Amino acid sequence: MVHFLLEPLHYEFMRNALLVGILVGVLCAVVGTYLIVQRISLLGDVMAHSVMPGLSIAFFLKANILVGAFISGLVSAFVIAWIRSQTRVKVDAAMALVFSSFFALGVLLFSLLDNRLDLNSFLFGDILSVTGADVVRTGVITAFVLLLVKGFYKELLFYTFDRLGAQAIGLPVTWIYLGLMSAVALTIIASMQTVGVVLVIALLVGPGTTAYLLVQELYQMMIWGAAIGAGASVIGLYISYYLNVPSGPCIALVSFGLFLVGLAINLVRGIWLKRQG
């Protein structure tokens, strides 16, 4: 068993992959918790796919592609918010419209600008190719976002459960929304190399949803979700290593498997409490 666990650690790429996987698992769970509680989980998926135009344009202009992805993801969030506030269109329809439009534009720009970027690596991730610099960058993003969540926890908590109440007492709800969307965009950028933009929603929503079944308080969701997210990344990477299969889908499927375990625990607990009552 010890050999089974230690053997992959002999390789630098696996050590880097495990570190990035743990960091991304924690970061996605904490940020995704806000999306789950606000019932806008699909916004993470929309923003993940909406980074494609920014990636393509930034690469063509020889600028930092991560900055381009960040800007593109934020723009998509604001387009959704604008459609939602200025028209009768519901938020789910606005998300579907922006999702398909931005993703289509991104794919089109990749072709028109003749970019040499590896589109598959952005779509499905390639965590085994991460370098020491990638680990440091992911660690900085994770620390920055977690510090912001810690510093503005009460404001985000109030905004999450009672947006109108937060506005009534004078909280800057527009800036809180901007900050939250920025955190989502940074999380997606940090996760692109791990599971890719197609599967990032698995880590944004899966661990937090599992924790939602097990605990009651928001901070408990974050702690349990972070542990589940990190666990899913580690288990998924070991499966990927020993079966020689893509790591992104393994991590996504392990996350779903842990959700099923959480669901079973929740059902058993419900039956036990019913008998006790």
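Modeller: A quick definition before we start: a crossing counts as left-handed if the near helix is turned anticlockwise from the far one by less than a right angle, and as right-handed if clockwise. This is a predicted model, where local features need pLDDT of at least 70, side-chain atom pairs count only at pLDDT 80 or more, and totals for chains, interfaces and linings use all residues. Residues are numbered from 1 along each chain as its sequence is written, and side-chain values use heavy atoms, leaving out hydrogens and water.

Colleague: Thanks! Is the crossing of helix 2 and helix 8 left-handed or right-handed?

Modeller: Helix 2 spans residues 12-37 and helix 8 residues 132-151 (DSSP runs of H or I, at least four residues, numbered from the N terminus). Their axes, lines fitted to C-alpha atoms over the stretch in contact, come within 10 Å and cross at roughly 25°. That makes helix 2 roughly parallel to helix 8 (angles under 35 degrees). The crossing is left-handed.

Colleague: Which parts does the pair of tyrosine 11 and tyrosine 241 tie together?

Modeller: The two rings form a tilted aromatic pair, 6.3 Å centre to centre with 40° between the planes (pairs have centres within 6.5 Å; under 30 degrees is stacked, over 60 edge-to-face, the rest tilted). Tyrosine 241 lies in helix 12 (residues 218-243), so the pair ties that helix to the loop between helix 1 (2-6) and helix 2.

Colleague: Is tyrosine 177 buried or exposed?

Modeller: Its ring pairs edge-to-face with phenylalanine 78, at 6.1 Å and 80°. With a relative accessible area of 13%, against a cut-off of under 20%, tyrosine 177 is buried.

Key:
Axes fitted to C-alpha atoms, helices over the stretch in contact; angles between N-to-C directions. Helix = DSSP H or I, 4+ residues; strand = E, 2+ residues; numbered from the N terminus. Parallel < 35°, antiparallel > 145°, perpendicular 65-115°, else oblique. Phe/Tyr/Trp six-rings, centres within 6.5 Å; stacked < 30°, edge-to-face > 60°. Buried < 20%, exposed > 50% of the residue type's maximum accessible area, 1.4 Å probe, protein only.
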